[in-house]
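The exercises below are to be worked with the sequence and the model side by side. Each task is followed by a solution that proceeds step by step.

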Amino acid sequence: MRPALTILDPGFAATIQDRGRVGWQRFGVPVSGALDPEALAAANILVGNAPGSATIEAMGAGLRLRVDAESATLALAGCAAPFRIEGAGAVLSASPLRGVTVHRGDVLRFPPPKNGAVYYIAAAGGFDIPPVLGSRSTYARASLGGIEGRTLRVGDAIPLLRKAAPVAPTLLLDASFEAPKSIRVMRGPNADYFTERAFEALAGAPYTVSPASDRMGLRFKGEALDRLNSGEIPSQGTTAGALQVPPDGQPILLLADRQTTGGYPRIATVIGADIAAAGRLAPGMAVRFIEVGREEALAALKARAEWLAALPSRLRAAPQDALTSERLLGENLIGGVTAGEM
């Protein structure tokens, strides 16, 4: 049998994502890729993969997997809560940001994201999924990449490149991921389409993420942003983090699955250092926009790149008994250990 993780329940909007399909926008192909590339990198680093390797991206509750391989080393990173491993007559709890070895027949249950919208599951060695235009990322609107270009379904077998877990120390990562209370922006390329009052409103009260948001963009609810000119502008290329404003005045923050061109004027752009954090925002969350200048944006981007590059230095060896039921109970990491279905 080909080693794989088999989907027993896909939960909400789980897909395969890596760093995305960079370099094809001029041909009308969206970049796609992980909403939170920093968490993607953390999950991969924990299991010894290249930071941009393909993972499972999950955005809601209910994801449940079965291990159909001799063994595998997995890691969970992002806005994640501990997940459960059911196997060998016991139920254990495993924390995010640490590697864990699972075995054939183990069933893994993942709770909803915690303090944000999205988390990532990486497997040591990676998934045996062919790239499309240089990426394994799923872009469902065009059926590109991932598993048949769509969200995961019951019965999908996500093939593993390794038949068994590598012989290597289990690692912990000293990092944390949660949705931001504020994100920094610079005035956008179409700033002259807006009144000064619009910029005051944008930097004033918080905006709330609408349930109508998706991987294409975050739709916000808040004070309407007044425009000097109505209607659309000639279509222009889009960028991640662009904050465009349709006629109703409610801003839309473009994310990984954004269209390649757009005709709504852009009042601002999220700075590069904060784009990954913006991808963690979930419907119902409120966030403030803080305008910064170019020098501050560049300094923040440099600092964030240095933090990301230093992630491997934050790895620590995990205690050998970290997942024994006795230790978990002793440290109150789980409420109990059972021998059957929960």
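**Exercise 1. An aromatic contact across the chain**

Is phenylalanine 177 buried or exposed? Having settled this, classify its ring pair with tryptophan 307 and locate both partners.

Solution. The model is a predicted one, and the values used here are computed from it. Buried means under 20% relative accessible area. Phenylalanine 177 has a relative accessibility of 8%, and therefore counts as buried. The rings of phenylalanine 177 and tryptophan 307 have centres 6.2 Å apart and planes at 75°, so the pair is edge-to-face. Because phenylalanine 177 belongs to the loop between β12 (171-173) and β13 (182-187), while tryptophan 307 belongs to helix α4 (residues 294-309), the pair ties together parts that are 130 residues apart in sequence. Tryptophan 307, at 17% relative accessibility, also counts as buried, and over its ring sits the charged end of arginine 304, 4.1 Å from the centre.

**Exercise 2. A stacked pair and its cluster**

Determine how the rings of phenylalanine 110 and tyrosine 119 are arranged, and which aromatic cluster holds them.

Solution. The structure holds 7 aromatic pairs. In the one formed by phenylalanine 110 and tyrosine 119, the rings lie 6.2 Å apart, centre to centre, with 25° between the planes. Planes under 30 degrees apart count as stacked, and this pair is accordingly stacked. Phenylalanine 110 is buried at 5% relative accessibility, and tyrosine 119 is buried with a relative accessible area of 1%. Together with Phe83, these two residues, Phe110 and Tyr119, form one aromatic cluster.

**Exercise 3. The surroundings of strand β10**

Explain why strand β10 (residues 119-123) is described as largely enclosed, and identify the strands β3 and β5 as its pairing partners by sense and number of bridges.

Solution. Begin with accessibility: 5 of the 5 residues of β10 are buried, so the strand is largely enclosed by the rest of the structure. Next, consider the directions of the side chains, where Tyr119, Ile121 and Ala123 point one way and Tyr120 and Ala122 the other way, all of them buried. Finally, turn to the pairing: strand β3 (residues 55-58) pairs with β10 in the antiparallel sense over 3 bridges, and strand β5 (residues 71-78) pairs with β10 in the antiparallel sense over 5 bridges. Tyrosine 120 is the bridge partner in β10 of glutamate 57, and tyrosine 120 is likewise the bridge partner of alanine 77.

**Exercise 4. Salt bridges in their settings**

Describe the salt bridges of aspartate 257 and of glutamate 200, giving for each the partner, the N to O distance and the accessibility of the residues.

Solution. A search of the whole structure finds 18 salt bridges. Aspartate 257 and arginine 215 meet through their side chains at 3.1 Å, N to O. This pair links distant parts of the chain, 42 residues apart, with aspartate 257 in the loop between β18 (252-254) and β19 (261-262) and arginine 215 in the loop between β14 (207-209) and β15 (217-221). Aspartate 257 is buried at 5% relative accessibility, and arginine 215 is buried at 9%. Glutamate 200, by comparison, forms its salt bridge with arginine 197, the closest N and O atoms being 3.4 Å apart; both residues lie in helix α2 (residues 196-202), 3 residues apart, which is about one turn of the helix. Glutamate 200 is partly exposed at 46%, and arginine 197 is partly exposed at 39%.

How values were computed: Residues are numbered from 1 along each chain as its sequence is written. This is a predicted model: local features need pLDDT of at least 70, side-chain atom pairs count only at pLDDT 80 or more; totals for chains, interfaces and linings use all residues. Side-chain values use heavy atoms; hydrogens and water are left out. Rings of Phe, Tyr and Trp (its six-membered ring) pair if their centres lie within 6.5 Å; planes under 30 degrees apart count as stacked, over 60 as edge-to-face and the rest as tilted. Buried means under 20% relative accessible area, exposed over 50%, partly exposed in between (1.4 Å probe, protein chains only). Helices (H or I, at least four residues) and strands (E, at least two) are DSSP runs, numbered from the N terminus. A charge sits over a ring if NZ of Lys or CZ of Arg is within 6 Å of the ring centre and within 35 degrees of the ring normal. Two strands pair if DSSP finds at least two bridges between them. A salt bridge is a side-chain nitrogen of Lys or Arg within 4 Å of a carboxyl oxygen of Asp or Glu.
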